[in-house]
Amino acid sequence: MTKFSSLSLDFFNRFKTGDLLTRINLDTQNLLRCMRTGGADVIKESLTVVVVFTYMCILDWKLTFCTLVLLPLFLLPLIVLGKKARRATAPA
């Protein structure tokens, strides 16, 4: 609501009151839905990462360690090349 009170009068002249109220209500509902599903996903996905990491360590701790060390080393060049490719294909 603070954002709405700082907008210019021209903004309120362009949009109808009903449109603004609908926008506020829908945005609030979307935020609530995001928080409900997002909170459950954060817990579920965090637990999944811990369980998978533990299982990998139980299966072969040396391979797990090598993967954790080498994976960032392989990802770094891919990230750099990806940025260069995006820059090269970007419209001028």
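Start with charge: the protein chain carries 12 positive and 6 negative side chains, and the centres of these two sets sit 7 Å apart. Keep in mind that this is a predicted model. Some of the positive charge gathers at the surface, where Lys83, Lys84, Arg86 and Arg87 form a positive patch. One of these residues, Lys84, belongs to helix H4, which covers residues 61–89.

Now for the fold. Going from the N terminus, the elements read α-α-α-α, so to speak a plain list: four helices and zero strands.

What radius of gyration does the protein chain have? The value is 24 Å, whereas a compact globule of 92 residues would come in near 12 Å. Here are a few whole-chain values side by side.

| Property of the protein chain | Value |
|---|---|
| Box filled by the C-alpha atoms, along the principal axes | roughly 65 × 40 × 20 Å |
| Residues that count as buried | 3% of 92 residues |
| Exposed area | about 8600 Å² |
| Share of the exposed area from carbon and sulfur atoms | 71% |

There's a greasy side to the surface too. Trp61, Phe65, Val69, Leu70, Leu73 and Phe74 make a nonpolar surface patch of about 680 Å². Take Phe65, which is found in helix H4. Is Phe65 buried or exposed? Phe65 counts as exposed because its relative accessible area is 53%, and the cut-off for exposed is over 50%.

Terms used
Residues are numbered from 1 along each chain as its sequence is written. This is a predicted model: local features need pLDDT of at least 70, side-chain atom pairs count only at pLDDT 80 or more; totals for chains, interfaces and linings use all residues. Side-chain values use heavy atoms; hydrogens and water are left out. Helices (H or I, at least four residues) and strands (E, at least two) are DSSP runs, numbered from the N terminus. The radius of gyration is taken over C-alpha atoms; the globule rule is 2.2 Å times the number of residues to the power 0.38. Buried means under 20% relative accessible area, exposed over 50%, partly exposed in between (1.4 Å probe, protein chains only). Accessible areas come from the Shrake-Rupley method with a 1.4 Å probe; for residues, only the protein chains shown count as cover. Lys and Arg count as positive and Asp and Glu as negative; His and the chain ends are not counted. The place of a charge is taken as NZ of Lys, CZ of Arg, CG of Asp or CD of Glu. Patches are made of residues with over 30% relative accessible area and no salt bridge: like charges are joined within 9 Å, nonpolar side chains (Val, Leu, Ile, Met, Phe, Trp, Tyr) within 5 Å. A salt bridge is a side-chain nitrogen of Lys or Arg within 4 Å of a carboxyl oxygen of Asp or Glu.
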